[in-house]
Amino acid sequence: MKLGMIGLGRMGANMARRLMRGGHQIVGYDRSQANVAELTANGAAGASSLEDLVAKLDAPRAVWIMVPAGGPTEETVIALGKLLSPGDSIIDGGNSFFKDDVRRSQSLEPKGIHYIDVGTSGGVWGLERGYCLMMGGPKDEVARLDPIFKTLAPGIGDIARTPGRTGEGTAEQGYLHCGPSGSGHFVKMVHNGIEYGVMQAYAEGFDILRGAHSDHLPHGLSYDLNLADISELWRRGSVISSWLLDLTAQALASDAELEAYTGFVEDSGEGRWTISAALEEGVSADVLAAALFTRFRSRIQHSFAEKVLSAMRKGFGGHVERPRVEKVNPGL
């Protein structure tokens, strides 16, 4: 299939490359023409503007947006809404708020333009591993674009089939049509909220292990533990093994004290939205809320646990810590 890709940063460019490897044709656009040139060198067609990108696509067109959530995505959707025709589709693969998806879908519906929200997980590793995709939008249009989603997804790979499943549907292939507009990003939002909690559990656990080597503990109850070895141990047959643990083990193997990290931990928005959804639904989310608030606290006072969090975020998403800014009391 032929697809327009807007936003050729870490995620967008790698997704375009994976699609081209799968035999699809890509027309790429980015505000940075250097990014466009780099992708065209890999075999894509480049576009100099949104108008140029739309003109180079065949009807019914499909355009995938991979730009920062919020203003940049909103502006791009509005601009495309003026350029596309009935039967065309806009796919938002970023981390948009699900209520924004519903509003955008409703605004495009009178024009006959389909809007598909796709929660995308896979980070900087997606080019080789594939991307876990959570789609929301019109069922028929999602089905028409299935070849795109199937190519981006990881496939069943070497993961054993879950007992009781018969292989029907696409979930075990790593992509799923979750429901109507907004549902894809809603599922991805909760996915990221859970991610916060799991990461926090690992971070606190390793902080406790590190703290076991303390002069304040009674004689005979202090242990100088090798955290790199323990993280590697837990990857082998432990019930808490996971990709996040893999990334933690990698970070500790190369930097046992995580000295390259300050422990300043950002949040990308989905954690806040997940807690907001829990409040609206009246659902308890103690662990996820605590994990989010810990990230807020990390920007004031850092611990080894926050360094572990930062290492995991860099491992799966390439997130680089923002330098800590000291607060100054203007009254002094």
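How many bridges join strand β7 to β8? The first close-up of this predicted model takes that up.

**View 1. Strands β7 and β8 run side by side in the parallel sense.** Four bridges join β7, residues 132–136, to β8. Looking for a spot to centre on? Try Met 135, which stands opposite His 177 in β8.

**View 2. Eight strands make up an open sheet with mixed pairing.** Reading across, the order goes β3-β2-β1-β4-β5-β6-β7-β8. The edges belong to β3 (45–46) and β8 (175–179); each has a single partner strand, so one side of each is left without a neighbour in the sheet.

**View 3. Strand β6 is mostly covered and pairs with β5.** Of the eight residues in β6 (114–121), seven are buried. Its pairing with β5 (residues 89–92) is parallel and spans four bridges. For one of the residue pairs here, pick Ile 90, whose bridge partner in β6 is Tyr 115. A handy reminder while looking at strands: in a regular strand the side chains alternate between the two faces of the sheet.

**View 4. Ser 85 sits in the loop between α4 and β5.** Helix α4 covers 71–83, so to speak the lead-in to this loop. Is Ser 85 buried or partly exposed? Ser 85 counts as partly exposed because its relative accessible area is 30%, and buried would need under 20%. Leaving aside neighbours within four places in sequence, Ser 85 is in contact with Arg 61, Gly 112 and Ile 113. Lys 111 is worth showing too: it lies 26 residues from Ser 85 along the chain, yet the C-alpha atoms of the two are separated by 7.4 Å.

**View 5. Three leucines and a tyrosine make a nonpolar surface patch.** The members are Leu 217, Leu 221, Tyr 223 and Leu 225, and the patch comes to about 350 Å². Tyr 223 belongs to the loop between α9 (183–211) and α10 (227–234). With 43% relative accessibility, Tyr 223 is classed as partly exposed.

**View 6. Residues 325–332 are a stretch where pLDDT drops below 50.** For the protein as a whole, the mean pLDDT is 94, and 97% of residues reach 70 or more. Over 325–332, though, the value is below 50, and the stretch has zero contacts in the model beyond near neighbours in sequence.

Methods:
Residues are numbered from 1 along each chain as its sequence is written. This is a predicted model: local features need pLDDT of at least 70, side-chain atom pairs count only at pLDDT 80 or more; totals for chains, interfaces and linings use all residues. Side-chain values use heavy atoms; hydrogens and water are left out. pLDDT is the predictor's confidence in each residue, from 0 to 100. Contact means heavy atoms within 4.5 Å. Patches are made of residues with over 30% relative accessible area and no salt bridge: like charges are joined within 9 Å, nonpolar side chains (Val, Leu, Ile, Met, Phe, Trp, Tyr) within 5 Å. Accessible areas come from the Shrake-Rupley method with a 1.4 Å probe; for residues, only the protein chains shown count as cover. A salt bridge is a side-chain nitrogen of Lys or Arg within 4 Å of a carboxyl oxygen of Asp or Glu. Helices (H or I, at least four residues) and strands (E, at least two) are DSSP runs, numbered from the N terminus. Buried means under 20% relative accessible area, exposed over 50%, partly exposed in between (1.4 Å probe, protein chains only). Two strands pair if DSSP finds at least two bridges between them.
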